[in-house]
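Hi,

Here is the structure I promised to pass on. Have a look at it first, and then read my notes below.

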Amino acid sequence: MDNTTALTFTMTAYSVMENHKYGLFTVFLLLYVVIITLNSLLITVIHQNKELHQPMNVFTCMLSINEMYGSTALLPAIMSLLMSETHEIPVKWCMTQIYFLHTYASAEFCFLAVMGYDRYVAICYPLHYHSIMSNSKIGKLVALAALYPMTVFGCFYSLTLQLSFCGKVIPKLYCVNMELVKNSCSNASYISIVGLVLILALIVPQVVMIVFSYAQISRVCRKLSRESQGKAVKTCIPHLLSLLNYSIGSFFEIIQTRFNMSYVTAGARIFLSLYFVIIQPIVNPVIYGIGTQIIRVHILKLFIRHKIPINLATITA
């Protein structure tokens, strides 16, 4: 990698945005401020209220931290490149961004899988929920969800870091591993094959956990009364919406990375590529803030500065 010190990549996707760069800069800046504000607000409300210190809310906070991490890896760089004359990024910055964005996406799915497991325990073993989801167990699950993608992707990414680069073009708004590999001086098709195995390693265990959790929840719900079924489903809706939103964004990104999307308009490709890093961090705090009654009450109390009666008996876990 001796040639990487001064090498830069030209991000060609910015050429179609040149005539609107000042307006787009403002849009991206506002989006970044909204993401940081919404997620910080959710974390602050949960942290300041002891009654919200439940396992699911701890995982929600970790989800928000991860989303701020991913957005910070993307949006400031986009704004900088947008205002640049050449739209060039140093190769080492590009490599750093790749690691941050890939680990963000992988950790997001890990936390969503852990949250699915939490719903399984809460609904299927309500009397033993707090003994099963002990502080020690929560700590181990958080560590696993954070460290697993960092380690697995780091091992795979070491293959890319060994490459030398002769190409200088990346046709996207940000760096991704496969586009970097395409600029290699040598044939690195083996990395694409290893990458497919990596995708399985970062998806299959989480999919198994989520499918198992909801299969068990479905089995238990069939034995409950209609009222109890409604309460159980209500506690799962925020997680299912978040999971669906993430799956849509990830599908768009994987399709764009692996297949030729030249027949899709440039504007559509840009929107689809940004979906999983921008829409997800905005939607999640809204889903878990407004969509969860007890958190919604505390957010309202924070803004209107007077007590709102809370009937804890009517608020589900």
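Let me start with a salt bridge: Lys231 pairs with Glu227, with 3.9 Å between the closest N and O atoms. Bear in mind throughout that this is a predicted model. The cut-off for a salt bridge is 4 Å, so at 3.9 Å the Lys231 and Glu227 pair still qualifies. Both residues belong to helix α8 (residues 226-258), and because they are 4 residues apart there, about one helical turn separates them. As for solvent, Glu227 is exposed, with a relative accessible area of 59%, while Lys231 is partly exposed at 42%.

How many salt bridges does the count come to? The total is 3. Another one is between Lys182 and Glu179, where the closest N and O atoms are 3.3 Å apart. Here too the partners sit about one helical turn from each other, because they are 3 residues apart in helix α6 (residues 177-182). The two ends of this bridge have opposite labels: Lys182 counts as exposed, at 56% relative accessibility, whereas Glu179 counts as buried, at 9%.

Then there is Arg119 with Asp118, whose closest N and O atoms are 2.7 Å apart. Are these two buried or exposed? Arg119 has 2% relative accessibility and so counts as buried. Asp118 is at 0%, so buried is the label there as well.

Now for the aromatics. Searching the whole structure turns up 13 aromatic pairs. One of them is Tyr99 with Phe153, a tilted pair with 6.0 Å from centre to centre and 45° between the planes. This pair ties together distant parts of the chain, as Tyr99 is in helix α3 (residues 91-124) and Phe153 is in helix α5 (residues 135-161), 54 residues apart. Tyr99 is partly exposed, with a relative accessible area of 21%. The cut-off for buried is under 20%, so Tyr99 at 21% does not get that label. Phe153, at 1% relative accessibility, does count as buried.

Phe153 has a second partner to look at: with Phe156 it makes a tilted pair, 6.0 Å centre to centre and 55° between the planes. Unlike the previous example, this one stays within a helix, since both residues lie in α5, 3 residues and about one turn apart. Phe156 is buried, as is Phe153.

Which residues do the ring pairs link into a cluster? They are Tyr69, Tyr99, Phe100, Phe153, Phe156 and Tyr157. Tyr69 comes from helix α2 and is partly exposed, with a relative accessible area of 31%. If you set aside its neighbours within four places in sequence, Tyr69 touches Tyr99, Phe100, Thr103 and Tyr104.

While you are around α2, take a look at His87, in the loop between α2 (55-83) and β2 (88-90). Its phi is near 55°, which is positive even though the residue is not glycine. Most residues other than glycine have a negative phi, so this is one to check by eye. His87 is buried, with a relative accessible area of 8%.

On to the helix packing. Two packed helices are described by the angle between their axes and the distance between the axes. For helix α1 (residues 21-48) and helix α9 (residues 266-290), the axes come within 9 Å and cross at roughly 35°. The crossing is left-handed. On the α1 side, the residues that meet α9 are Phe28, Leu31, Val34, Ile35, Leu38, Asn39 and Leu42. Their counterparts in α9 are Leu274, Val277, Ile278, Pro281, Ile282, Pro285, Val286, Tyr288 and Gly289. Sorted by class, this contact has 14 nonpolar residues, 2 polar ones and no charged ones.

Finally, a residue in the loop between α8 and α9: Thr265. Thr265 is exposed, with a relative accessible area of 52%. From its C-alpha atom to that of Ser192 the separation is 26 Å, with the two positions 73 residues apart along the chain.

Over to you!

Methods
Residues numbered from 1 in each chain as written. Predicted model: local features only at pLDDT ≥ 70, side-chain atom pairs only at ≥ 80, totals over all residues. Heavy atoms only, no water. Axes fitted to C-alpha atoms, helices over the stretch in contact; angles between N-to-C directions. Helix = DSSP H or I, 4+ residues; strand = E, 2+ residues; numbered from the N terminus. Left-handed = near helix turned anticlockwise from the far one by under 90°. Contact = heavy atoms within 4.5 Å. Nonpolar A, V, L, I, M, F, W, Y, C, P; charged D, E, K, R; others polar. Salt bridge = Lys/Arg side-chain N within 4 Å of Asp/Glu carboxyl O. Buried < 20%, exposed > 50% of the residue type's maximum accessible area, 1.4 Å probe, protein only. Phe/Tyr/Trp six-rings, centres within 6.5 Å; stacked < 30°, edge-to-face > 60°.
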